[in-house]
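Reader: I have a structure to study for my course. Could we go through it together?
Author: Certainly. Please bring it up, and we shall begin.

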Amino acid sequence: MGSPVLKKIFLSVHFYIVAGLIIYTLFPLTWPFNLPSEFWVKRISMHLIWAALFYFNLLILTPKLLYKGKLLFFIIISLILVIVSVYLNGWLDHITGANAALRKLFNQKPDPKNTHDFYWTMMTALVLLGISTIISFYKKMKADQVIFEATSREKVTTELSLLKAQINPHFFFNILHTIYALADINPTASKDAIYTLSHMMRYVIYGTKNDTTELEKEIKFVEDYIALMRLRLTDNVQVIYEKQEGMKNREIAPMLFLPFIENAFKHGISSVHPSYIYIDISQLGTQVKIEVKNSLFEDKSEHLEDSNGIGVANTKRRLDLLYPGRHILEVINDLKLKDYTVILTLDLQ
């Protein structure tokens, strides 16, 4: 408990300000002669005034005036504070007799105008006001940055929740459409599909409530989806699914792979022409890669990148929010070879 508190104190600007004032106040103790008590009374009193001036500007004057654009009032009050500081310095010298005691110590002639002390006091007050203003603005910038980052995180979380909410109904709509098509053609297959769907629904409802899920579960979900889609396909469609053996389980955002696979099954198969879908999931170190390739048909090629405007588009947005700088999404629309390929590489470090 003590260590974080001490660390916070030593990293605080106020610690160095107070330490600097104390060192500066006590610095004359290093001089090779004894200074009169009048000097110390005035010096300590004046440094207390400097500290009050510094923190008054830091905590009250700058926040109340400069933050709100009242520059003229800030300048006027700052000048008044400088004048008050000069007056208090002269008053302290008068009641303590500090300068007279120093002149006596060093055998110096009296200086009625005391111009050196006047300019030194004025410059010190201006420097303290300037430094405290800079520190105050720096603290405000840091506070504004914290608020901005918190707001940004909240906005991202909200946007991700909305995107996820859009993807889930979109997924169930497609699955139910598939089961409906099977009900008359193959009742047994439709029962198996409903059973598989129940497992998938359990994953979607309960397994994706958190921000991340296990890679193993996400891949199993994809495999269930592929098995479900195979029930409605004819012999003209070839589905090839490959997965690297011995993949390490890692945390991953849920429902990232599915929209690209959905897109392939929706736009990459034909009831008339031979077609294929190829899906490969592999891993290299902290990176996981999924490649989805399917047949390309001219009448569907324009819609491949936008699965009803929801699934794929939202997944791209989720990737930008969840894995900025940590994902590569390649889309290859090869009209010559007549195939469409999506390659997603994620760094799950």
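Reader: Which helix gives the most to the nonpolar patch?
Author: Helix 4 does, with 6 residues. Please keep in mind that this is a predicted model.

Reader: Which helices each supply at least two residues of the patch?
Author: Helix 3, covering residues 37-66, and helix 4, covering 71-96, each do so.

Reader: And which residues form it?
Author: The patch on the surface consists of F56, L59, I60, L72, F73, I76, I77, I80 and V84. Together they have about 800 Å² of accessible area.

Reader: Let me pick F73. Is it buried or exposed?
Author: F73, which is placed in helix 4, has a relative accessible area of 53%. F73 therefore counts as exposed, since the cut-off for that class is over 50%.

Reader: Now the whole chain. How many helices and strands has it?
Author: The chain contains 10 helices and 7 strands. Of its 349 residues, 40% are buried.

Reader: How much area does the chain expose?
Author: About 21,200 Å² is exposed, and carbon and sulfur atoms supply 63% of that area.

Reader: Next, H327. Where does it lie?
Author: H327 belongs to strand 6, which spans residues 327-334.

Reader: What does the side chain of H327 reach?
Author: At 2.7 Å, it reaches the backbone oxygen of Y323.

Reader: And which residues does H327 touch, leaving out those up to four places away in sequence?
Author: With those left out, H327 touches L319, D320, L344, T345 and L346.

Notes
Residues numbered from 1 in each chain as written. Predicted model: local features only at pLDDT ≥ 70, side-chain atom pairs only at ≥ 80, totals over all residues. Heavy atoms only, no water. Helix = DSSP H or I, 4+ residues; strand = E, 2+ residues; numbered from the N terminus. Buried < 20%, exposed > 50% of the residue type's maximum accessible area, 1.4 Å probe, protein only. Areas by Shrake-Rupley, 256 points an atom, 1.4 Å probe, with all protein chains shown as cover. Patch = residues over 30% accessible without salt bridge, like charges linked within 9 Å, V, L, I, M, F, W, Y side chains within 5 Å. Salt bridge = Lys/Arg side-chain N within 4 Å of Asp/Glu carboxyl O. Polar contact = N/O pair within 3.5 Å; in protein donor to acceptor, adjacent residues only side chain to side chain. Contact = heavy atoms within 4.5 Å.
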